[in-house]
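User: I would like to go through helix packing and charged side-chain pairs in one structure. Please keep the reasoning short.

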Amino acid sequence: INKDMHIILLLSFLIVYIISGNVMRNDSKSRKLCCWGMGTCLFLFAALRSWTVGSDTWNYYADFCVDSGLSYAEILIRYEGREPLFHLFSHAVSLISNNPQFFMAVVSAIVAIGFSVFAYKQKGNLLLIYGLFVTFRIFSFTCTGLRQAIAMGIIFFAYTLLDRKNLKYGILLIVLASL
């Protein structure tokens, strides 16, 4: 994602922040609305990008096309030592749609939902949290490294579960993300 797209994304965050009413009141309802809006912006920018955006996106497109034509057993054999769970996930998504753009949309949804839940649970300013996510180029990285993007989305969500009540679910999600 180039510099202009970052500026447009940050401006869309500002607009959502103002429209949601989070500027005037910082209650739960406006915070939820703000996270929903900013998360939707993240999702749309990532899901609707071209396959040429990102240095490795074309490889993921090619892998998705290959994975969609293989069975689960063939995937396990082919990718025995190289993250077979990602390729199994890729194949499962291909059962819904063979379009690689749909796969990028699913990955984008995982990142946007995971980060939005994380941001909502934090006590800080949402505009700052989302702004840092974009300006520290973490968001740009999620548009390039789709494997890592899925893991990051799961980790963001798992972090919100790391309390005494949900600790085992948080740890299970972290283990899943590591695979």
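The questions and answers below deal with a predicted model.

User: How are helix α2 and helix α6 oriented, roughly parallel or roughly antiparallel?

Analyst: Helix α2 covers residues 28-47 and helix α6 covers residues 100-121. Their axes lie 8 Å apart and make an angle of about 155°. Angles over 145 degrees count as roughly antiparallel. The angle therefore makes α2, relative to α6, roughly antiparallel.

User: Which hand does the crossing of α2 and α6 have, and how do the residues of the contact divide into nonpolar, polar and charged?

Analyst: The two helices cross in a right-handed sense. On the α2 side the contact includes Arg 31, Lys 32, Cys 35, Gly 39, Leu 42 and Phe 43. On the α6 side, Met 104, Ala 105, Ser 108, Ala 112 and Phe 115 are among the residues taking part. By class, the contact residues are 12 nonpolar, 5 polar and 2 charged.

User: Which residues does Phe 43 touch, not counting residues up to four places away in sequence?

Analyst: Phe 43 is part of helix α2 and is partly exposed, at 27% relative accessible area. Its C-alpha atom is 5.5 Å from that of Ala 112, although 69 residues separate the two along the chain. With residues up to four places away in sequence left out, Phe 43 touches Leu 48, Ala 105, Ser 108, Ala 109 and Ala 112.

User: Which parts does the salt bridge between Arg 147 and Asp 63 tie together?

Analyst: The N to O distance in this salt bridge is 4.0 Å. Arg 147 is buried at 15% relative accessible area, and Asp 63 is buried at 18%. Arg 147 belongs to α9 (residues 146-160) and Asp 63 to α3 (residues 57-68), so the pair ties together parts 84 residues apart in sequence: helix α9 and helix α3.

User: Is Glu 83, which forms a salt bridge with Arg 147, buried or partly exposed?

Analyst: The closest N and O atoms of Glu 83 and Arg 147 are 2.7 Å apart. Glu 83 sits in the loop between α4 (72-78) and α5 (84-96), so its pairing with Arg 147 of helix α9 ties together parts 64 residues apart in sequence. Buried means under 20% relative accessible area, and exposed means over 50%. At 39%, Glu 83 is partly exposed.

User: Which residues are joined into one network by salt bridges that share partners?

Analyst: The structure holds 2 salt bridges. Arg 147 pairs with Asp 63 and also with Glu 83. The shared partner joins the residues into one network: Asp 63, Glu 83 and Arg 147.

Methods. Residues are numbered from 1 along each chain as its sequence is written. This is a predicted model: local features need pLDDT of at least 70, side-chain atom pairs count only at pLDDT 80 or more; totals for chains, interfaces and linings use all residues. Side-chain values use heavy atoms; hydrogens and water are left out. Axes are lines fitted to C-alpha atoms, for helices over the stretch in contact, and angles run from 0 to 180 degrees between N-to-C directions. Helices (H or I, at least four residues) and strands (E, at least two) are DSSP runs, numbered from the N terminus. Angles under 35 degrees count as roughly parallel, over 145 as roughly antiparallel, 65 to 115 as roughly perpendicular and the rest as oblique. A crossing is left-handed if the near helix is turned anticlockwise from the far one by less than a right angle, and right-handed if clockwise. Contact means heavy atoms within 4.5 Å. Ala, Val, Leu, Ile, Met, Phe, Trp, Tyr, Cys and Pro count as nonpolar, Asp, Glu, Lys and Arg as charged, and the others, Gly among them, as polar. A salt bridge is a side-chain nitrogen of Lys or Arg within 4 Å of a carboxyl oxygen of Asp or Glu. Buried means under 20% relative accessible area, exposed over 50%, partly exposed in between (1.4 Å probe, protein chains only).
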